[in-house]
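Student: Got a minute to walk through this one with me? I'd like to go element by element.

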Amino acid sequence: MDAIDNALLVRLLDLVGIGVFALSGALMAVRLRQTLVTACFFALVTGVGGGSVRDLLIGAPVFWVQDGAIAAVCIAIALTVWLTPERWWRRGQLLEWADAVGLAAYSVFGTAKAMAWGVSPVPALMMGVITGCVGGTIRDVLAGVPSIIMRPEIYVTAGALASGLFLALLWLGAGTAVAAVTGATAGFILRGVAIRWSLGLPTYGRAGGDGAS
């Protein structure tokens, strides 16, 4: 029963990551007043981008090619954003908060999947960061805006915290569910604090001021 519950939790983290990243991609297209086709494309590449790179690196079948429902979900999210009132989506920092949820959940899931494919802990941590960060990076590059990993705020660090804490708790004997929820929550909180107060790490050659991811 525990194995089933753990598998279900990891699957939910996967779906949450895909869904909110797809949402952030569609929101970017809406902000730029792009076409419906562009919104669907942004939702798809943002939703599956990080996971696709991860799967190629660990030698796994690319997940969304094996499961056609994932692409359908991404497109459905884009259609939902497109067909609902504009005021629902253009307020405040919704894109940033959706991205924060995806970053935290997908970083943990990426690490868990890499471990399941026999990747050792340190590379698995890197696979988690790649899973969590690459989709948003692709979105920003396609949109012609400064890449989120190059902005002066904490981002990659939040993904690394989620993945690293997940691995540390597993090593300490915590169950998969506890480790996954705790890691994802910590990564989301760190990213949320950075969004709320525009926090960043010090950049090279400067004692203070702007930071980097």
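**Helices, bridges and cysteines**

Tutor: Sure. Start with helix α7, residues 156–171: its 16 residues reach 22 Å from first C-alpha to last, close to the 22 Å expected at 1.5 Å a residue. Keep in mind that this is a predicted model.

Student: Which residues of α7 are buried?

Tutor: Ala-158, Gly-159, Ala-162, Ser-163, Phe-166, Leu-167 and Leu-169.

Student: And what covers the buried residues of α7?

Tutor: The cover includes three other helices: α5 (94–116), α6 (121–143) and α8 (176–197).

Student: What phi does Gly-173 take, just after α7?

Tutor: A positive one, about 100°.

Student: OK, on to α5. How many residues does α5 have, and how far does it reach?

Tutor: Helix α5 has 23 residues and reaches 33 Å from its first C-alpha to its last, close to the 33 Å expected at 1.5 Å a residue. Of those 23 residues, 18 are buried, so α5 is largely enclosed by the rest of the structure.

Student: What comes just after α5?

Tutor: Gly-118 sits there with a positive phi of about 85°.

Student: Let's switch to charges. How many salt bridges does the structure hold?

Tutor: Seven. One of them joins Glu-86 and Arg-33, with the closest N and O atoms 2.9 Å apart. Glu-86 is in the loop between α4 and α5, while Arg-33 is in the loop between α1 and α2 (36–58), so the pair ties together parts that are 53 residues apart in sequence.

Student: Are Glu-86 and Arg-33 buried or exposed?

Tutor: Glu-86 is partly exposed, with a relative accessible area of 38%. Arg-33 is exposed, at 60%.

Student: Which side chain does Lys-113 meet in a salt bridge?

Tutor: That of Asp-55, at 3.1 Å from N to O. Lys-113 lies in helix α5 and Asp-55 in helix α2, so this pair ties together parts that are 58 residues apart in sequence.

Student: Buried or exposed, for Lys-113 and Asp-55?

Tutor: Lys-113 has a relative accessible area of 16%, so it counts as buried, the cut-off being under 20%. Asp-55 is at 0% and is buried too.

Student: Which residues are linked with Lys-113 in a network of salt bridges?

Tutor: Arg-54 and Asp-55 are linked with Lys-113 in that network.

Student: While we're on Lys-113, how far apart are Arg-11 and Lys-113 in space?

Tutor: Their C-alphas are 10.0 Å apart, with their positions 102 residues apart in sequence. Arg-11 lies in helix α1 (residues 2–31) and counts as partly exposed, because its relative accessibility is 35%.

Student: Got another salt bridge for me?

Tutor: Try Arg-139 and Asp-99, whose side chains meet at 2.9 Å, N to O. This pair links distant parts of the chain, with Arg-139 in helix α6 and Asp-99 in helix α5, 40 residues apart. Arg-139 is buried, with a relative accessible area of 1%, and Asp-99 is buried at 1%.

Student: New topic: cysteines. How many disulfides does the count come to?

Tutor: Zero. Cys-74 is in no disulfide; its nearest cysteine sulfur belongs to Cys-40 and is 9.9 Å away. A disulfide would need the two sulfur atoms within 2.5 Å.

Student: Why is there no bond for the sulfur of Cys-133?

Tutor: Because the closest cysteine sulfur, in Cys-74, is 18 Å from the one in Cys-133, too far for a bond.

Student: Are Cys-74 and Cys-133 buried or exposed?

Tutor: Cys-74 is buried, with a relative accessible area of 0%. Cys-133 is buried as well, at 5%.

Student: Last thing, the surface. Which residues make the nonpolar surface patch?

Tutor: Ile-75, Leu-79, Trp-82 and Leu-83 make a patch of about 380 Å².

Student: Where is Leu-79?

Tutor: Leu-79 is in helix α4, residues 68–83. Its relative accessibility is 34%, so Leu-79 counts as partly exposed.

Technical notes
Residues numbered from 1 in each chain as written. Predicted model: local features only at pLDDT ≥ 70, side-chain atom pairs only at ≥ 80, totals over all residues. Heavy atoms only, no water. Patch = residues over 30% accessible without salt bridge, like charges linked within 9 Å, V, L, I, M, F, W, Y side chains within 5 Å. Areas by Shrake-Rupley, 256 points an atom, 1.4 Å probe, with all protein chains shown as cover. Salt bridge = Lys/Arg side-chain N within 4 Å of Asp/Glu carboxyl O. Helix = DSSP H or I, 4+ residues; strand = E, 2+ residues; numbered from the N terminus. Buried < 20%, exposed > 50% of the residue type's maximum accessible area, 1.4 Å probe, protein only. Expected span 1.5 Å × (residues − 1). Contact = heavy atoms within 4.5 Å.
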